[in-house]
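The following note is offered to a colleague who has the coordinates open. Its points take up the surface, the charged pairs and the internal spaces in turn.

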Amino acid sequence: MAQRLATEYVNAKLQLTNEEMTQFVRFFDDQQLHLQVMVLDNGNQELVLEDVAGREEIRLIFERQQDRYVCVLTCRLVHQKLTNAMRKAVSAFHGDAVVNRIYSHYTMTYHYIQGAVRKIVETTKSGARVVFEYKDTIGQLERVFRSRLIEREISMVNNAINELLDLRNQTKDQTEIAAIDERLAMHTHKLFMLEA
């Protein structure tokens, strides 16, 4: 099995509430890493994470934005303990990130959205290929089902309009024509809404 040389976080983004920020700090305490938390003058927080051996550290700056702490991060990690802790944090705290796991002859790029891996791409000298891509099959089927329901409803409204037009052409009484026109207007409005 190939050994990973480095892990790059490209535009990783975490957005945490006050409560989640406390959990985030506790999470890294549990990972057995050296952790320093500094609260800055403007309410921002800076976390310095260091592996126990002191070989590698990472600084996370969380900017206070209304009711959230937001951290946008780009970094390169080499040692396994800090790398694994960051991977778990992005997943557990629903982060968005593009993560390059670099090996000697290829790179695996993981695309995280809301903490879940949505796509994995392998890049080698000969090119790139998608290894995994999340497909929301249930969601797609549900959307197809809904669109077919709307198509059926459009067909029913069109049939009702055609019947009302036939009835209007056969009717001579002005009050009946006015009532039919009112129903036609209602159905036309409904058709417009369905087609939108």
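1. Ile61 counts as partly exposed, because its relative accessibility is 43%, a value that falls between the 20% limit for buried and the 50% limit for exposed. The residue sits in strand S4, which covers residues 57-65. Together with Met38 and Leu40, Ile61 makes a nonpolar surface patch of about 220 Å². The model is a predicted one, and this point and those below should be read accordingly.

2. Strand S4 also enters into the charged pairs. The side chains of Glu46 and Arg59 meet in a salt bridge, with an N to O distance of 2.7 Å. Glu46 belongs to strand S3 (residues 45-50) and Arg59 to strand S4, so this pair ties together parts that are 13 residues apart in sequence. On burial, the two partners should be described separately. Glu46 is buried, at a relative accessible area of 13%, whereas Arg59 is partly exposed, at 45%.

3. A further pair is formed by Glu122 and Arg129, whose closest N and O atoms are 2.8 Å apart. Glu122 has a relative accessibility of 16% and therefore counts as buried, since the limit for that class is under 20%.

4. Two helices are linked by a salt bridge between Lys190 and Glu153, in which the closest N and O atoms lie 3.5 Å apart. Lys190 is in helix H4 (residues 174-195) and Glu153 in helix H3 (residues 137-170), so the pair ties together parts that are 37 residues apart in sequence. Both partners are partly exposed: Lys190 has a relative accessible area of 38%, and Glu153 has one of 31%.

5. How are Glu46, Glu57 and Arg59 joined? Salt bridges that share partners bring these three residues into one network. The structure as a whole holds eight salt bridges, among them the Glu46 and Arg59 pair, the Glu122 and Arg129 pair and the Lys190 and Glu153 pair.

6. Regarding enclosed space, a search of the whole structure finds one cavity of 30 Å³ or more. About 30 Å³ of space lies in the largest cavity. Its lining consists of Ala12, Lys13, Leu14, Cys71, Leu73, Met86 and Val90. By class, six of these lining residues are nonpolar, none is polar and one is charged.

7. Which elements supply at least two residues each to the lining of the largest cavity? They are strand S1 (6-16), strand S5 (68-77) and helix H2 (80-92). Strand S1 provides the largest share, three residues.

8. The largest pocket has a volume of about 170 Å³. Gln3, Arg4, Leu5, Ala6, Thr7, Leu77, Val78, Gln80 and Thr83 line this pocket. By class, the lining holds four nonpolar, four polar and one charged residues. S1 and H2 each supply at least two residues of the pocket lining, and each also supplies at least two residues to the lining of the largest cavity.

9. For a description of the spaces, the two linings may be set side by side. The cavity lining has no polar residues, while the pocket lining has four. One charged residue is counted in the cavity lining, and one is counted in the pocket lining.

Note on methods:
Residues are numbered from 1 along each chain as its sequence is written. This is a predicted model: local features need pLDDT of at least 70, side-chain atom pairs count only at pLDDT 80 or more; totals for chains, interfaces and linings use all residues. Side-chain values use heavy atoms; hydrogens and water are left out. Patches are made of residues with over 30% relative accessible area and no salt bridge: like charges are joined within 9 Å, nonpolar side chains (Val, Leu, Ile, Met, Phe, Trp, Tyr) within 5 Å. Accessible areas come from the Shrake-Rupley method with a 1.4 Å probe; for residues, only the protein chains shown count as cover. A salt bridge is a side-chain nitrogen of Lys or Arg within 4 Å of a carboxyl oxygen of Asp or Glu. Helices (H or I, at least four residues) and strands (E, at least two) are DSSP runs, numbered from the N terminus. Buried means under 20% relative accessible area, exposed over 50%, partly exposed in between (1.4 Å probe, protein chains only). On a 1 Å grid over the protein atoms alone, a cavity is a set of points where a 1.4 Å probe fits but cannot get out, and a pocket is an open set with protein on both sides within 12 Å along at least five of seven lines; lining residues have an atom within 4 Å of a point. Grid points are joined across faces, edges and corners, and a volume is the space filled by probe spheres set on the points. Ala, Val, Leu, Ile, Met, Phe, Trp, Tyr, Cys and Pro count as nonpolar, Asp, Glu, Lys and Arg as charged, and the others, Gly among them, as polar.
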